[in-house]
Every structure is written in structure tokens, then in C-alpha cells.
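Colleague: Could you give me a close look at one part of this model, as if I were new to it? After that, I'd like to hear where empty space is left.

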Amino acid sequence: MTQTTAESHYIGIDVGTGSVRASLVTKSGKTVASSIYETTTWRDRHDHRIFEQSTTDIWDGVTKVIKACLKESGVPPAAVKGLGFDATCSLAVADFEGRPIVVTKGEDLGNRGERNIILWADHRAEEEAELINGTGSIVLDYVGGKMSLEMEIPKILWLKNNMDPSRFSNCQFFDLPDFLTYKATTDSSRSCCSLTCKCSYVPKAGWQKDFFNQIGLNELADREYAQVGAAEGDLLIAGMPVGKGLSKKAAEELGLLEGTAVGSALIDAYAGWLGTVAARYEENGKVSDIIPTVQESGHRLAAVAGTSTCHIVQSPEGIFVDGVWGPYKDPILSGWWMNEGGQSSTGQLIEFILTTHPAYPELVKMGKDQQRNIHTILEETLEKLRVEKGVESLTELTKDLHMYPDFHGNRSPIADPRMRGSIVGLKLDSTITSLALSYTATLQAIALQTRHIIDSMNAKGHHISSIYMSGGQAKNRGLMQLFADTCSMSVVLPKDSGGAVVLGAAMLGRYAEEAQSSDGGREGQAERLWNIMVEMTPPGTLVAPAASPREKKLLEAKYKIFLESIDIQKRWRKEMEDAAV
């Protein structure tokens, strides 16, 4: 495809857990070109908690995917008017010249080197999180009462506790989205999204010196927060221009023009919210005539579902929900608050259940021999079994098989990293039929936990009545129907399940370009960005609840068992801890 028009274009860059993706889009939101680069994650075979990445590797991916989009489309660099980044909420560490600093435990910790990202999924900072959660600090009020070990301050404290002090003092700490805008512009301004959501920056109050002194990170305050940014409270709201746009060096590396606008970044899940919740939707082949208002967004939960799942909802006032992160002020729209629930392992859990089952190699071979997707084979196996058993639904087929899904701890709404997964109802069966049943039980568990999170949010004052999906799991129609049936609300699927997040990032680039030529972007930001969302988000597809009264009764029973399994696990843990004293 070639493109010679001078129409304005925007590039979104999405840095996920395993890849960098760029999309080149028009002002109307049409994707002209897209490219993906697989990134490297390092694990420790002696410590399952460790996940590390490299900003060098990621930036190399950014350069490749942007150049690939330009080559595929034929769009000239001068037609690219703005860029936006989103990324996982991972901790990137650099010195004050921007060079990467090693985060791997050992003698090289704190030296210059490639492995300088502690990935969001890394759970090494459990002791540090426990210390923080014992402080009673106001910062805990804004993370659901308990700080997750996946957030940045526990990880920074781990580095402090394990790194030579002279090396620690030479470190800058970034949430990864902010590192990318720093790399692109040389401007170290921080985003409201990253600092309030992941770095303990308190809405309306800013950094809390007493908190940092209490946990042993007093040097952050003593150095006027030079290592973490925003010393004067100068945060950028989503899409606001960062610095003077692309630096000369970054522009040369990306094949773009110096000064091209760069929008203040978002955490990837929040970009998923940006790229989905303003959508109209198709029902029975007809697109809804209703243009959504920003007020309607308070009823729409964005579920960004990939390796893990994040659940984000907006409200005009701050709502405190136990075990759910937030409320965060201004993470995307100025004047609005957000809460974020989450499941630490969903796509990852599905993969784990499949690949560790004895029948998985046979399933893969069947897929290759028949040239079919393994999920299709599983679905056909289940449907055949359902007919043979004479039952109405897959829920009834698995009525005696129950999974609790927290194989990697619970993020919401229990906020307990010690929670573990369980399966009740296993047989001496290692066939593909057994694998298919375990697969269905896994999907059910993910859907039941989604309801648990939504119920917890609504019980405290939210008014969620629909789910707007993005991410790879949105392709799984069976899972989407389970969400609708289990949560008793409609699910809206994006036109491009894999492209909704990166589209949200591109919207940031458009906002930055338009704001750069006006007032800097703060005045009327909420209305202006929402209007961009409405204009650029393509219509989605509505999946309505469809469970029969019989299946609904079974789902209610499974939900009751799901909640009971939480109480049982906590009670068993305490009994064993008491016995071990």
C-alpha cells in the first residue's frame, strides 16, 4: 500500500508485557499501518518472582515498528503530526544521563547495563510492601487500603535495600510510560497517570515526605524528589505536550521530524480505556444512534485483558473501594477520578492451565494435523460432550468442577498476594476431554472474579452497567459471553481487539499536536480529549446476556462457591500458621 496524501496522521506506540506495537492512524481513527516487535523478558530459574526487561531492547523495538509503519503506508514523516505512548506499569531505572542501570540482584546491581526494568509482574518486593502496608499512611487510602508489591515504591525500596548507597543516589526512577516520553523528548516531566496510579503521589496533596521518611526512602524527599520527578507538583495530564516534542536524536532514530508533538503518556490499561469507552456499538447489525457523553463513561467499565486484566472506571467524585486501587484524580480527564481493579493472571493463567496439562502435546499435534486453532478444537470437544451428556450449557457440564484463579496472588478486591489457586473436582483423567473441561473452568473462574470486582465497586458507589473490552481475550467469544452472563450486563467488543490500546495511545498524539498550537493543553482538556475519543473510536459489537434461567441459577451457585472458597482458603492458611508456631 502506498499513501501520498498530506492528511494528518498520528502514531500510537503500545509497550505491552511481551511486545512493542505501533499503529499509524488518521484523524478519524482509521488504522493505515501497524507493526509488532517481540521484546525480551528475563526470568530467574532459581526465583519465580523475578521478571526483568530492558529499555534498550524496547526502544530498539519502537524504532523498528515506527519505521515499518512509515514504509508500509508510504506516509511521509512530515504528515505525522503527533505521537503517543502507553506502556506497562513497570519500573525503569536510569542514571541522570538517561543510561540504563542494572536492577538484577548481585554484584552488578546499580551499575550500568541492559537489564534495567523491573516488570510489573515481578514480585520480589513482598517484604517491602508489607512494611509499607503497616505504616497507616494516607497513601494507602488511595490504593484500596493496601499497596500492591507490583507498584513502584515497594520496588524502589527493594533497590534501596539491596543496592550500594552511592549507586542508588545516581538513579532516576520512572514508570515505564514516562521513561518513553523522556527518551523521545529528553524532557523528564511526569504524567499524572503514572505518578498517581503507581508511585504514591497523593491527589491534591502530592508527595508525602513523612511517608518516605517512615519507610526508609528519606533521600527521595531530601533531594526534592529529583529521582522521581514532579517536585513542584508539575504533572502533565494525558495528552498534554511533553517538552518541545521529539528531540533531534530521537527523530533521527525514529525516522520522523524533530519537534513532532509527543503527548503525555498513559499506563497501557488506561490507554485501553481511552480507546474503547467512547464507542458506539452495533446490535443486530445496526449501529446505535446515541453519541456517548462523558457522563455516560461512569457506567462503562473498561476491561483491558491480556496477560493480566485491568478494570477501570471513571467517576466525577472520588470513590474509595477496599482492595481496589484509587481513587486517582486526573489520570486521563482533568477533573475526573478513576478506580482500577485487576487480576494479576488471566491470559497467563489460561496458557498455564493448557500447557501444563498432560494432553496439551496431543492437542497441539491435532491442531497442526488439522490446521486448526487449538481453542476451536477445545470448543468443539466441549460441545460434543455437552450433547452426549444431554445438558443445556457448559456451565451445567462443569457444575462439579470449580476453580479459584489466584495462582499469582490476588490484586482485587482482596489485595492479598498470598492467595493461591485451587481446583476442586478433578478426576483420574488426562485426556483432551479433561483438558477441555479444565479450560472451561478457567474461563468461568476469570468471569466470576470479574463479577466479584464489579460488585465490590458498585457496592461503594459506582454505577457500572456495561463492560468495554480490549486486549487479546476479547477475541474469545465464549469468554465474552461468560462475562455478560456472569455479570448480568452487556459486553462491548472493540472493532479491533488488539488495536484498541494502541489507538488510545495515538489519540494522545493527536491531542498533543492540537494543544501544542494553542494553550498547552490544560484548559478544557476533559471535553477536548473526550471529543477526540468519540471521533476516533470505531463502533464496537454488543454481546448481551443470554443465559437461560437454568444456567443463571447455576452461575449464581458457582459464584456463591467462589466466594466461599476465599473464606475457606484464608481460614485454612490461619489454621496452618497457628499450628506452625
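**Two helices and some empty spaces**

Modeller: In this predicted model, the axes of helix α17 (residues 500–516) and helix α18 (residues 525–536) come within 10 Å and cross at roughly 130 degrees (axes are fitted to C-alpha atoms over the stretch in contact, with angles from 0 to 180 degrees between N-to-C directions; helices are DSSP runs of H or I, at least four residues, and strands of E, at least two). That angle is why α17 counts as oblique to α18 (under 35 degrees is roughly parallel, over 145 roughly antiparallel, 65 to 115 roughly perpendicular, the rest oblique). Their crossing is right-handed (the near helix is turned clockwise from the far one by less than a right angle).

From α17, the contact takes Leu 503, Met 507, Arg 510, Tyr 511, Glu 514 and Ala 515, while α18 brings Gln 525, Arg 528, Leu 529, Ile 532, Met 533, Glu 535 and Met 536 (contact means heavy atoms within 4.5 Å). Eight of these residues are nonpolar, one is polar and four are charged (Ala, Val, Leu, Ile, Met, Phe, Trp, Tyr, Cys and Pro are nonpolar; Asp, Glu, Lys and Arg charged; the others polar).

Residues are numbered from 1 along each chain. Local features need pLDDT of at least 70 and side-chain atom pairs 80 or more, totals for chains, interfaces and linings use all residues, and side-chain values use heavy atoms, without hydrogens or water.

Now for the empty spaces. The second largest pocket holds about 450 Å³ (on a 1 Å grid, an open set of points with protein on both sides within 12 Å along at least five of seven lines; a cavity is a set where a 1.4 Å probe fits but cannot get out; lining residues have an atom within 4 Å of a point). Of the 18 residues lining this pocket, Leu 397, Leu 401, Gly 425, Lys 427 and Leu 437 lie nearest its centre. Helices α13 (374–389), α14 (394–397) and α15 (432–459) each give two or more residues, and α15 gives the most, with four. The pocket lining has six nonpolar, six polar and six charged residues.

There are also two cavities of 30 Å³ or more. The largest has about 70 Å³ of space, and among its 14 lining residues, Val 139, Val 143, Thr 196, Ser 200 and Tyr 201 lie nearest the centre. Helix α6 (residues 192–198) provides the largest share of that lining, three residues. Eleven of the lining residues are nonpolar, two polar and one charged.

Technical notes:
Points joined across faces, edges and corners; volume = space filled by probe spheres on them.
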